[in-house]
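Reader: I have a two-chain model open on my screen and would love a guided close look at one part of it. Could you take me to the place where the chains meet, and then show me how that part sits in its surroundings?

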Amino acid sequence: MANIISDETIEYVGILAKLELSPEEKEQAKKDMGSMLDYIDKLNELDTTGVEPMSHVFPVQNVFREDVVTNGDGSADALKNAPGMKDNMYKVPKTFDK
Amino acid sequence: MAQKIYETVIGLEVHVELATKTKIFCGCSTEFGGAPNSHTCPVCTGMPGSLPVLNKQVLEYAVAVGLATNCNITQYCKFDRKNYFYPDNPQNYQISQLYLPICRNGHVEIETAAGKKNVGIHEIHMEEDAGKLIHDEWEDCSLVDYNRSGVPLIEIVSEPDMRSADEVIAYLEKLRLLIQYLGASDCKLQEGSMRADVNLSIREMGAPEFGTRTEMKNLNSFKAIAHAIDGERARQIELLEEGKAVIQETRRWDDNKEYSYAMRSKEDAQDYRYFPDPDLTPIVVSDEWLSEIKAKQPEFRTEKIARYQKEFDIPEYDIDIITSSKHMADLFEATVALGREPKKVSNWLMVETMRLLKENMMDPEDIKYSPEHLAALIKLVDDKAINGSVAKEVFEVVFKEDVDPVQYVEEHGLKTVNDEGALRKTIEEIVAANPQSVEDYHNGKEKAIGFLVGQTMKAMHGKADPGMVNQILKELL
């Protein structure tokens, strides 16, 4: 495997993804990420001079909606998924201003 | 040691909430003031498996703003995901544009006491707003309302071309007017439909490099922006003079305390891991479509001013004030189109309307009365059906409740009494009751007649023609 993921990198990626990994899981994740990067390196061997970067997998473009209200009050359904509820709002652990 | 002279370098990130009826990626209403979460659906609450579809009007508004600010329109553009975790963002990513923003490389011309200059626009991109967090003191938790989640925004990123608070405000005013004229947003800072983040650094005058910048948030009035700029400039100068370094960080301005405090520094800055959003297809703005949007661009302020100068016989000063609000300009033109004299229409806007707006702390955009009712009121005065002071009284009601002035005057019996006999009789009584004033008048005190006119108007409940009162009084005296 050409790409070696450091302990710092896996720690950082864990923080970004909000994942707490056990030492064994960290080792496994380092190996997995390394082989993913190896795969990308393989793709990088291709000469892509003059090829436009792809931004979507399907050959579709310009899918739009008209500016018309189609939805009513969806709060009852939506709030069924809430971890907690108060005054028709989602109750979450205290946050500070960003 | 000679005093160092510092230059302030400012760039702005301006978020504008677009005036669409629905959200950017779903058919939920954007209307303000609904019950919490009443305007939500699986898309704007980030449910797995939901599919966002772009509101065409959002794209057209964004392109229109780009054209009005001399930008190049990116005819092949797309959306990207900006990843971060925060409860106001239910998807754990915000859909925004990083790689191919819809507009790039524009500029607007601003004018301040220091003269005219161009402020460059780096880019304009489309994105979605986040939900609203409310802190619950009782239970020590936070409550989230997703009604704002998915409301369409454009973010206008300027170049670091501004050098003073004056220039910043001129730039914001310019953007606000252009966007209001387009009808793309009402751009109210207080209500958050226009928000400005200020990036500011200082450097010694003439230095080639920029200094380290800070970003200030929570600026919701022009006054707060001006204060924050002066405050932050002073803070950075003090740091440099003490030999300390400015730290690149985000600061929150507290306009009550007139001080900003650090929110987060570069060290714990987020890594947003942007990548193209696979749920949304690329957007191709064809040449034809672009021409169509161009053709729909309204007459902007500069053109309107030029036309008013040609078409209407009103002073430059009036034109300047009237065109400073699209709504007021529309109201002016519609009232004139109903056959009223431009100068008279302008006077009602410039004097009484402006006074009432100021008293009620309202913007010209909040004027509720119709051109029909203003025209009807002016006609009542022209026809001498009511006098000037009654007209002002009636206008206050028109301003507040948009009542029909003809009906209101009728119902409240405010018509000027044109019955000369009745008026003469009242004046005779007043003259008889005030011998002292009559004597004063005969002794050359011109002012005494004013008192008698006042007494007559009072007796007539304000419904007399002052010209006629004066004439009869002089005859009798």
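Author: Happy to! Let's begin with one pair of residues: A:Met85 has A:Tyr90, in β3(A), as its bridge partner. Please keep in mind that this is a predicted model.

That pair belongs to a small piece of strand pairing within chain A. β2(A) and β3(A) run antiparallel and are joined by two bridges. Now follow the sheet outward, and you will cross from one chain into the other. The sheet is open and has four strands, in the order β2(A)-β3(A)-β10(B)-β9(B), with antiparallel pairing. At its edges stand β2 (85-86) of chain A and β9 (132-136) of chain B; each has a single partner strand, so one side of each has no neighbour in the sheet.

With the sheet in view, let's widen the look to the whole meeting place of the two chains. Here 33 residues of chain A are in contact with 40 residues of chain B. On the chain A side, the elements that give two or more residues are β1 (64-65), α3 (75-79) and β3 (89-93). The largest share comes from β3(A), with five residues. This is the strand that holds A:Tyr90, the bridge partner of A:Met85. If you like to think in terms of side-chain classes, the chain A side divides into 13 nonpolar, ten polar and ten charged residues.

β1(A) deserves a stop of its own. It pairs with strand β2 (residues 54-55) of chain B over two bridges, and the sense of this pairing is parallel. To find the place on your screen, look for A:Arg65, which stands opposite B:Asn55 in β2(B). The four-strand sheet, by comparison, has antiparallel pairing.

Now for the surroundings on the chain B side. Chain B has 15 helices and 17 strands. Its C-alpha atoms fill a box of roughly 90 × 65 × 55 Å along the principal axes. The radius of gyration of chain B is 29 Å, whereas a compact globule of 477 residues would have one near 23 Å. Of those 477 residues, 38% count as buried. Among the contacts in chain B with a separation of 6 or more, 69% are between residues 24 or more positions apart.

The domain layout adds to this picture. Chain B is divided into domain 1 (6-289), domain 2 (299-411) and domain 3 (420-476). The centres of domain 1 and domain 2 of chain B are 35 Å apart, taken over C-alpha atoms. Six residues from domain 1 and four residues from domain 2 make up the contact between them. On the domain 1 side, helix α2 (residues 165-182) of chain B gives the most, with four residues. By class, that side has four nonpolar, one polar and one charged residues.

Finally, here are two backbone spots to visit in chain B. B:Asn105 is found in strand β7 (residues 103-112), and its phi is near 55°, a positive value in a residue other than glycine. B:Lys384 is not a glycine either, and has a positive phi of about 60°; you will find B:Lys384 in the loop between α9 (371-382) and α10 (388-401) of chain B. B:Asn105 counts as partly exposed because it has 13 C-beta neighbours inside 10 Å. B:Lys384 is also partly exposed, with 13 other C-beta atoms within 10 Å.

Terms used: Residues are numbered from 1 along each chain as its sequence is written. Chains are lettered from A and ligands numbered from 1 in the order in which they are written. This is a predicted model: local features need pLDDT of at least 70, side-chain atom pairs count only at pLDDT 80 or more; totals for chains, interfaces and linings use all residues. Two residues are in contact if their C-beta atoms, placed from the backbone, lie within 7 Å. Ala, Val, Leu, Ile, Met, Phe, Trp, Tyr, Cys and Pro count as nonpolar, Asp, Glu, Lys and Arg as charged, and the others, Gly among them, as polar. Two strands pair if DSSP finds at least two bridges between them. The radius of gyration is taken over C-alpha atoms; the globule rule is 2.2 Å times the number of residues to the power 0.38. A residue is buried if 20 or more other C-beta atoms lie within 10 Å of its own, exposed if 12 or fewer, and partly exposed in between; C-beta atoms are placed from the backbone. Domain bounds come from an automatic or database domain assignment.
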